[in-house]
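Please find below my notes on the structure, set out as numbered points for your consideration.

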Amino acid sequence: MNDDLQLLRRYAEEGSEPAFSELVARHIDLVYTAALRQVAGDTHLAQDVTQTVFADFARKARALSGRVVLTGWLFQATRYAAAKAVRAERRRLNREREAVVMQEPSTGTDANWEQLSPVLDEAVARLGAKDRDAVLLRYFERKELRAVGDALGTSEEAARKRVTRALERLRRYLTGRGVTLSAATLASALTGSAVQAAPAALVGTISTAVFAGAAATAAGSTFNLLNLMSMTKFKAGLLSAAVVVGAGTPAVVQQRSLSRLRAENQQLREQWHRLEPFREGNQQLAGLRVDVDELERLRKEVTELHRLRAEVARLRREKEEAARLQAENTRSNEHTKTLGAHQPQTEAALKNACETNLRMLEGAKDQWALENRRGTGSEVKGEEISPYLKGGFEDIRCPSGGQYTIARIGEPSSCSIHGALHSSLTPEELAAIQQHFNDRLKVLPLIQFQDAPLHDVIHTLARQANLNLVFDPEVAPRLGTLDSSLTLTIRLENLTAEEALKAILSTNNLRLVETPGPTWKRGEDIGQWAGDVVGITRK
């Protein structure tokens, strides 16, 4: 695909400023030089024409993205824009003689180029579209024949033949206009002088003007682009008036020019003031959008704060319980050491001391499970329960020299010599104790909400209880969406999330149903997670 078309499509589809700037840099010399020739060397007017062409180019980018050769379109657009600019300039000056003619030094200094320059653009425009594209790419863009063929969709040899035929047609037309040149001389003149370098700062000026115009159009006004595009003409008119005075132009011409400039300046100021209310409205809309986002962020922070407070209270209680168990373990360990120092170490005493150590390990496991919310079957390592043992796990040693094996949560640890702790409980009783331990992990020490929306309270507790809620159509309008008028302030202690949810629903004349109806629906702003589906309806 043509590289120019890739850049144009990036700009048309993505609004890429670098892509458009690259296109301007590639083709600005061609456009500027063609404009300079057609406006009789007026560099300011040529710059205005160049800006107009590239502004139209940006505005029609989406329609032009399917063209094979952009150079031909730019050349024709330059001719039309230059003709329009010349007519406007003549009307504006009332056919007065131009005061300033600022021409770039001509790079073609021979007589051939002086003959060719006035009629070149008209001659090129007379060619057919494909021949014109071939001449512009070869001599104006100075591309190799292979690149010309790629742009035209042909081979290098076919491009060479097309360029030769087009050059011959161009030469015949020029001969009819009184410019007699051979094909070789014409090719040499075009290669050396057809394109001149545009002012270095003009690329940045055009890119800035076009993107400023695009931003203004998005806001509903094209004034900024027209204002920027008119600045060069305004400065040129002001400079022209000054030179006319210095050259002795009659005072009447000077006065007319100054009056016209003042009128144009006043019109620009009036347009600027008319746009001021729109700018203020845009700023107010931006402020409202920021306020809505800030309100949503604060609401989420309040909900998170309530959750963190409840979590802190729970951790504080569990820490106190762990400290109590640690103190009991310490006293038991010290008692065991005292007995070992003053009594004979019989086999029974050694076994009792080992069982005491195993009980300390079991207590440390329970503390670790409570604090880390681990249930039955969770694996635990010695270094993990070491903080819950006085002196750490390394100080817990079997008096007979055995090695301790730490079992999973809910299973007894064992000694390599004395075995595991013996329990007088039946398997059913042990299972009930383990279930009670797991249920204890679900109990929340503190559940507190302060002026929280009832909608948020219900869905927060449902998610903690792993319940997916659907609503009876009778209560869905009230609870299925966020309603800030329904708020709740409550404090509950030592309840599971499901128990707290049932209590809150009961105080609002509602209840949970394990088998929802087929027409019951989920809230629009609530996601779905793993868990049972339950319904909410009236009592």
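The points below take up the model itself, its nonpolar cores, a charged patch and one buried leucine.

1. This is a predicted model, in which local features need pLDDT of at least 70 and side-chain atom pairs count only at pLDDT 80 or more, whereas totals for chains, interfaces and linings use all residues. Residues are numbered from 1 along each chain as its sequence is written, and side-chain values use heavy atoms, with hydrogens and water left out.

2. The largest nonpolar core (buried Ala, Val, Leu, Ile, Met, Phe, Trp, Tyr and Cys residues joined through side-chain atoms within 4.5 Å) has 35 residues, of which Val49, Phe54 and Phe57 touch the most other members. At least two residues of this core come from each of helix 1 (3-14), helix 2 (17-38), helix 3 (43-59), helix 4 (61-64), helix 5 (70-92) and helix 11 (202-218), helices being DSSP runs of H or I with at least four residues, numbered from the N terminus. Helix 2 gives the largest share, nine residues. Ala125, Ala134, Leu137 and Tyr139 are among the 34 residues of a second, separate core.

3. On the surface, Glu383, Glu384, Glu394 and Asp395 form a patch of negative charge (residues with over 30% relative accessible area and no salt bridge, like charges being joined within 9 Å; a salt bridge is a side-chain nitrogen of Lys or Arg within 4 Å of a carboxyl oxygen of Asp or Glu). Glu384 belongs to helix 15 (residues 382-385).

4. Leu461, in helix 17 (residues 454-464), is buried at a relative accessible area of 1%, where buried means under 20% with a 1.4 Å probe and protein chains only. Its C-alpha atom is separated by 9.4 Å from that of Ile447, 14 residues apart along the chain.

Conventions
Patches are made of residues with over 30% relative accessible area and no salt bridge: like charges are joined within 9 Å, nonpolar side chains (Val, Leu, Ile, Met, Phe, Trp, Tyr) within 5 Å. Accessible areas come from the Shrake-Rupley method with a 1.4 Å probe; for residues, only the protein chains shown count as cover. Lys and Arg count as positive and Asp and Glu as negative; His and the chain ends are not counted. The place of a charge is taken as NZ of Lys, CZ of Arg, CG of Asp or CD of Glu. Buried means under 20% relative accessible area, exposed over 50%, partly exposed in between (1.4 Å probe, protein chains only).
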